[in-house]
Amino acid sequence: MTGNEIRKRFLEHFASREHQVLPSAPLVPHGDPSTLFISAGMQPLQPYYLGFSQPPAPRLASCQKCLRTGDIEEVGKTERHLTFFEMLGNFAPTGDYFKETAIPLAWELVTKGFGMPVDRLRATVHPSDDQAYEIWTRSTDIPEAHVTRLGDNWWGLGRGPCGPDSEIWWDRGSDVGCGRPDCVPDHCERFTEIWNLVFPQYDQQGDLSGPPSTAEAIQRGIADQALVPLTRPAIDTGMGLDRMAFVLQGKTNVFETDLLEPLVDFARESSSKPTALSERIIADHVRAMTFCISDGVVPSNEGRGYVLRRLIRRAALHGRNTGLTVKLSLGTELVIEMFQEQYPELHERRRFITETIDTETDRFARTLEQGMEQFEKFASRGGNLVSGADAFRLHDTFGFPLELTKELARERNLAVDEEGFRAEMAGQRERSRKAAPQQFALAKDLPRSEFTGYGELQTETRVAGLRKDAKTATTATEGETVEVFLERTPFYAESGGQIGDTGIITTPSGRVRVEDTQKLVEGAIAHLGRVTTGEVRVGEAATASVDEARRHQIMRHHSATHLLHKALRETLGEQVVQKGSWVGPDHTTFDIPFNRAITRDELRRINGRVMEKVRAALPFSESQKPYREAVAGGAMHLFEEKYGDVVRVVCFGDWTCELCGGTHVANTADIGTAIIVSESSIGSGLRRLDMVVGETADELVWRDRELLAELARSFNTTPNRLPERVQALRAQLKEAEREKEKLRDQLQTARLGGGDGLAVKHGRVDYVAATVDASTIDELKAYADRYLEMVRSGVVTLIAGDKFVIKVSNDLVSQYDATRLKALFGTGGGRPQLVSGKLTVPADEAFQRLEQELGSASK
């Protein structure tokens with residue numbers, strides 16, 4: 001049974017049993033900045049479980065894309081560790097069914113749907129879960145001896161929903177693992193967990209007196225009211241597709257399945273010296289990076305981009321070590337071919353994915369050289385150990401896996417502090433750990449607001465809640481900072497790149513100046529500000545007034561981004577999509593994936609197209625449509641964004657339509673002047689355009705005209721002849737620089753011809769150690785070139801101020817590598833033939849060290 005068939009059979013099984021099958025959410029979480037990637041099937045459904053929003057159906061099923069990198073170092077070393085994987089699951093977030101249905105549904109699928117022999121299956125339950133034990137032994141045909149109670153069968157995060165779980169295991173046979181006839185699941189490798197059924201039936205509101213691993217501990221938790229039974233217990237299950245595939249396909253590990261084996265073969269057949277470990281790592285990472293980029297992640301030095309950069313560079317490094325003879329991006333083509341039927345966005349973004357990988361691998365090739373230089377610096381410090389901190393820096397900054405650092409160290413008879421390295425890694429993981437579900441649980445009781453700001457900027461409302469220092473309050477007095485929650489509000493909360501509104505909230509007893517508006521969770525809008533007069537109280541009437549002038553400028557800029565998006569796609573190609581934006585009252589930025597600078601001519605055409613549509617006075621229109629209908633109709637949308645079943649479609653005439661929740665002008669003519677003021681790189685394969693419109697653009701035009709006129713007066717010319725005048729002055733300056741260089745060369749030649757400073761010493765080799773008068777490193781290098789021409793074979797070391805240069809003739813490089821002699825003088829970098837840097841010791845001491853190193857031939 002292929003992986004595609006397993007996925008299809010799972011989803012069809014639950015669809016035929018009244019479950020609505022949901023498409024996979026993107027890997028990038030929606031509305032949850034506390035975690036980088038989706039890492040479990042139920043993660044995108046958390047708002048349904050916590051009551052923040054209604055699920056589209058009581059019963060749900062999905063195949064969710066997931067990414068976990070916490071155990072990235074284990075990938076390829078074990079039978080099951082992966083970074084990217086697909087999680088199959090069925091869910092009842094509102095309590096439509098519980099264990100009595102979930103367990104038989106799962107058993108029916110594994111035994112009948114997948115045809116797995118009953119005698120090869122095992123089930124485990126929590127020691128306190130008599131209900132699950134009874135269902136397994138009475139409602140299925142599994143032998144009672146094959147149901148085991150395990151203390152680990154508990155799911156929870158310390159606060160919020162929690163409960164027992166039940167796992168289904170596959171028996172790989174007595175010849176695998178410990179060999180004991182009484183072996184049970186979770187004891188050794190004989191048993192492989194294939195499905196976890198989670199039963200959230202408690203709300204943990206306090207600390208338990210001990211680990212929740214026994215029935216007694218759970219009973220104590222209930223008695224102490226630390227565990228409160230939920231009125232609507234839910235169902236959340238998860239089955240890893242890759243793991244199920246290796247079981248059903250009779251393989252020994254996930255890399256032998258049809259979901260990964262073609263990628264392993266690609267790595268092996270494209271390498272001159274393949275290894276099993278590197279093949280697996282390349283296969284896993286190529287698949288993961290393909291899905292990451294498809295969902296809108298691009299390489300960078302932080303957050304998700306850093307994770308992607310690490311995946312690409314780690315795969316590239318293993319490709320380098322195994323002699324990969326083709327581009328890494330060719331593996332991406334194979335991933336797309338394998339998975340595009342389930343995930344058509346892979347095919348749609350094929351070009352962008354491959355270009356992003358090619359750009360990053362080229363960049364890494366250059367970074368690798370820098371990393372090798374850094375390693376040489378660490379290795380030359382003396383001693384016989386590369387510290388854990390240094391090994392971690394090579395790993396974290398330059399993508400060096402520990403194995404590479406150890407290999408390089410062995411070549412130099414050095415050891416690596418692996419314990420220290422692991423401690424640094426553990427520290428990084430701890431700093432990166434997030435508790436998103438806990439944050440959801442703490443926010444579940446926040447008041448919700450009805451948004452009125454599409455149609456009005458002032459609303460009569462009531463204060464529904466207050467918070468001070470993240471704690472609930474009933475009043476806030478003059479001078480205090482406060483979060484205000486209103487029943488109805490015209491204030492737009494920051495979302496979709498548009499910043500939050502500012503303004504005033506007035507009550508009979510006080511006044512709040514709103515400085516920002518944020519959406520904490522779906523529907524909970526926090527007005528962040530300070531009480532300027534009197535006090536505000538929960539429950540009292542209020543008038544909420546948005547800063548009208550500021551909002552109108554924000555609306556102009558937001559509408560302009562829609563015109564810009566369309567113009568970019570027309571000019572640069574349909575593969576250009578929005579990767580991010582920031583919309584404020586003074587300017588707007590717009591980020592796109594593009595692997596080169598946009599030319600001046602392209603920018604002129606893009607800006608011209610935007611202004612053409614401004615002058616066309618295209619009317620604004622909005623509608624609510626089913627998501628699939630809106631996308632089928634051509635509305636632009638973001639693949640990494642998570643949308644509801646019904647979406648708001650914003651159009652300007654019939655020229656551009658997008659899925660958008662922001663605020664806009666009634667007509668494009670209201671935008672006014674629009675000017676693209678800059679275009680720049682903000683990361684590998686990512687460009688940012690900055691645009692100003694309306695009043696801000698008018699002010700910019702006036703300022704630029706004043707500046708141009710002032711410059712023209714300074715250069716004694718007219719504005720239209722200013723470029724010509726500047727060009728003439730630049731030519732004069734360039735000629736003066738050439739004359740200066742010519743005179744400097746003549747002076748150096750005269751000095752050297754007269755023996756100025758040339759004192760060749762004779763030791764193991766001929767060498768020069770001298771101070772010279774040079775103001776720059778380039779001048780110092782020029783002196784070194786001329787000295788070496790005179791010495792012919794030898795070592796030249798020159799110092800000027802706090803700078804030094806070491807130059808070694810080619811015939812002596814194997815004996816006296818300049819990068820090693822560098823340690824005698826200070827810090828710097830270069831090649832074995834030429835190094836430059838900054839002195840860290842007095843010049844006399846540096847020359848004395850050199851004499852000891854190169855000394856007399858008799859030494």
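# A tour of strands and cores

Start by selecting strand β20, residues 503-507, in this predicted model. Color its side chains by the way they point: Gly 503, Ile 505 and Thr 507 face one side and are buried, while Ile 504 and Thr 506 face the other side and are not buried. In a regular strand, side chains alternate between the two faces of the sheet.

Keep β20 on screen and add strand β21, residues 510-521. The two strands run antiparallel and are joined by five bridges. To see one of these pairings, pick Thr 506, whose bridge partner in β21 is Arg 511. Then look at the turn: β20 and β21 form a hairpin, with two residues between them.

Next, select strand β23, residues 541-546. Here β20 pairs again in the antiparallel sense, over four bridges. Which residue of β23 is the bridge partner of Ile 505? Ala 544 is that partner. Recall that Ile 505 is one of the buried residues of β20.

Now move to a sheet further along the chain. Select β26, β27 and β28, which form an open sheet in that order with antiparallel pairing. Its edge strands are β26 (620-626) and β28 (656-659), each of which pairs on one side only. From one strand to the next, the twist averages 25°. Strands of a sheet pair through backbone hydrogen bonds, either parallel or antiparallel.

Within this sheet, zoom in on β27, residues 646-652, and β28, which pair over four bridges. Label Val 650 and Glu 658: Glu 658, in β28, is the bridge partner of Val 650.

Add helix α17, residues 548-572, to the view. The helix lies across β27 and β28, and runs at about 115° to β28.

The last stops are nonpolar cores. Select Val 110, Met 116, Trp 136, Ile 194, Trp 195 and Leu 328, the residues with the most contacts inside the largest nonpolar core, which has 103 residues. Helix α8, residues 276-294, supplies the largest share of this core, eight residues.

What does Val 110 touch, leaving out residues up to four places away in sequence? The list is Gly 115, Met 116, Leu 121, Ile 194, Trp 195 and Met 244. Show these side by side with Val 110 to see the contacts.

Finish with another core, which lies apart from the largest one and has 29 residues. Select Leu 568, Ile 592, Ile 606 and Trp 655, which are among them.

Note on methods:
Residues are numbered from 1 along each chain as its sequence is written. This is a predicted model: local features need pLDDT of at least 70, side-chain atom pairs count only at pLDDT 80 or more; totals for chains, interfaces and linings use all residues. Side-chain values use heavy atoms; hydrogens and water are left out. Two strands pair if DSSP finds at least two bridges between them. Axes are lines fitted to C-alpha atoms, for helices over the stretch in contact, and angles run from 0 to 180 degrees between N-to-C directions. Contact means heavy atoms within 4.5 Å. Buried means under 20% relative accessible area, exposed over 50%, partly exposed in between (1.4 Å probe, protein chains only). A nonpolar core is a set of buried Ala, Val, Leu, Ile, Met, Phe, Trp, Tyr and Cys residues joined through side-chain atoms within 4.5 Å.
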